[in-house]
Amino acid sequence: MIEIKNIRKRFGDIVAVDDVSFVAKSGEIFGLLGPNGAGKTTSLRMLYGLFKPDSGCLLVDGISVPEHTLQVQRRMGVLPDGGNLYTRLTARENIAYFGKLQGMQPAEIEHSIANFVDILDMHSIIDRKTGGFSQGERMKVSLARALVHSPDYILLDEPTNGLDVLTTQAVRALLLRLKAEGKCVIFSSHLMHEVANLCDRVAIVAQGKVVIEGDQSTVIKKANKNTMEDAFVHFAYGEGTNIPENLR
């Protein structure tokens, strides 16, 4: 279980995260939602140990992330915002390199890669150099790279943003499979159609604060709306706000 309690993070005069708390459990997909600039990415970066919080507590199975960062990171698979591939390496080599960094044996790495080649339909790209890959192809490799070591906790920052329909379906199927395996998946997004299809529970972040947390039906009911999209607009932007074009 992941527990985040009252974390705060400031960069100079800018307060990126003001008071974020939520719990994400094993065997569920938890949606960390909010408009661009709300503090989602900074919160995730603190959770996987890239930033230290100015205050607050981040626990993974009761272990403090700031105090035992490497121990926690071994149990995580992270797809960061704007993550890049090594373009001179093939897709297979990119994934294998991360497997080696996680201490996996060569046979384990090859078995895991073969599994993701099938799940994400990477047969045509697995032995190609990644320079020139489409966004969907890069996303498949990035996901396999993050998950090669079969982590218990999976943190994904906007994993379906800008993907084509087939790649989105493949990513969605993979996330549901991970949930069925008992993994804890935190899925950051502002795309409500993906949230509706994937997330068991959500937390909506606005201006660095969690304004609501719960299952989708509870969030919709508390907003007095009929859809998750309308509830998101209500909590993230305020009553009477028209949904921005980039969220449709």
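The crossing of helix 5 and helix 6 is left-handed, and that's a handy way into this structure, which is a predicted model. The two axes come within 10 Å of each other and cross at roughly 15 degrees. That angle is under 35 degrees, so helix 5 runs roughly parallel to helix 6. On the helix 5 side, the contact is built from Gly 136, Met 139, Lys 140, Leu 143 and Leu 147, while helix 6 brings Thr 167, Val 171, Leu 174 and Leu 178. Sorted by class, that contact has six nonpolar, two polar and one charged residues.

Now for the other helix pair, helix 3 (residues 91-101) and helix 4 (residues 106-119). Their axes also come within 10 Å, but the crossing angle is roughly 135 degrees. That makes helix 3 oblique to helix 4. Here the crossing is right-handed. Helix 3 uses Arg 92, Ile 95, Ala 96, Gly 99 and Lys 100 for the contact, and helix 4 answers with Ile 109, Glu 110 and Ile 113. By class, you get four nonpolar, one polar and three charged residues.

Which residues of helix 3 are buried? They are Ala 91, Asn 94, Ile 95, Ala 96 and Gly 99. Helix 4 and helix 5 are among the elements that cover them. Just past the end of helix 3, Gly 103 takes a positive phi of about 80 degrees.

On to the core. In soluble globular proteins, nonpolar side chains tend to be buried together. In this model, the largest nonpolar core has 49 residues, and those with the most contacts inside it are Met 122, Leu 143, Leu 175, Ile 204 and Met 228. Helix 9 (residues 228-237) supplies the largest share of that core, with six residues. There is also a second, separate core of 27 residues, including Ala 16, Val 17, Leu 44 and Ile 63.

Leu 143 is worth a look, as it turns up both in the helix 5 contact with helix 6 and among the best-connected core residues. Leaving out residues up to four places away in sequence, Leu 143 touches Leu 79, Leu 120, Leu 156, Val 171 and Leu 174.

Helix 9 has its own set of buried residues: Met 228, Ala 231, Phe 232, Val 233, Phe 235 and Ala 236. What covers them? The cover includes strand 3 (28-33), helix 7 (192-198), strand 9 (201-206), strand 10 (209-215) and helix 8 (216-223). Right after helix 9, Gly 238 takes a positive phi of about 105 degrees.

Back in helix 5 (residues 135-147), you'll find Ala 146. Is Ala 146 buried or exposed? Its relative accessibility is 7%, so it counts as buried. Not counting residues up to four places away in sequence, Ala 146 touches Gly 77, Val 78, Leu 79 and Pro 151. Leu 79 is 67 residues from Ala 146 along the chain, yet their C-alpha atoms are separated by 6.1 Å.

Asp 19, in strand 2 (residues 14-24), makes a good counterpart. With a relative accessibility of 25%, Asp 19 counts as partly exposed. It touches Asn 6, Ile 7, Arg 8, Gly 208, Lys 209 and Val 210, again not counting residues up to four places away in sequence. Asp 19 and Gly 83 are 64 residues apart in sequence, and their C-alpha atoms are 26 Å apart in space.

Finally, a couple of backbone oddities. Most residues other than glycine have a negative phi. Asp 61 goes the other way, with a positive phi of about 50 degrees, and Ser 150 does too, with phi near 55 degrees. Here they are side by side:

| Residue | Phi | Loop | Relative accessibility |
|---|---|---|---|
| Asp 61 | about 50 degrees | between strand 4 (55-60) and strand 5 (63-64) | 38% |
| Ser 150 | near 55 degrees | between helix 5 and strand 7 (153-157) | 47% |

Asp 61 counts as partly exposed, and Ser 150 is partly exposed as well.

Notes:
Residues are numbered from 1 along each chain as its sequence is written. This is a predicted model: local features need pLDDT of at least 70, side-chain atom pairs count only at pLDDT 80 or more; totals for chains, interfaces and linings use all residues. Side-chain values use heavy atoms; hydrogens and water are left out. A nonpolar core is a set of buried Ala, Val, Leu, Ile, Met, Phe, Trp, Tyr and Cys residues joined through side-chain atoms within 4.5 Å. Buried means under 20% relative accessible area, exposed over 50%, partly exposed in between (1.4 Å probe, protein chains only). Helices (H or I, at least four residues) and strands (E, at least two) are DSSP runs, numbered from the N terminus. Contact means heavy atoms within 4.5 Å. Axes are lines fitted to C-alpha atoms, for helices over the stretch in contact, and angles run from 0 to 180 degrees between N-to-C directions. Angles under 35 degrees count as roughly parallel, over 145 as roughly antiparallel, 65 to 115 as roughly perpendicular and the rest as oblique. A crossing is left-handed if the near helix is turned anticlockwise from the far one by less than a right angle, and right-handed if clockwise. Ala, Val, Leu, Ile, Met, Phe, Trp, Tyr, Cys and Pro count as nonpolar, Asp, Glu, Lys and Arg as charged, and the others, Gly among them, as polar.
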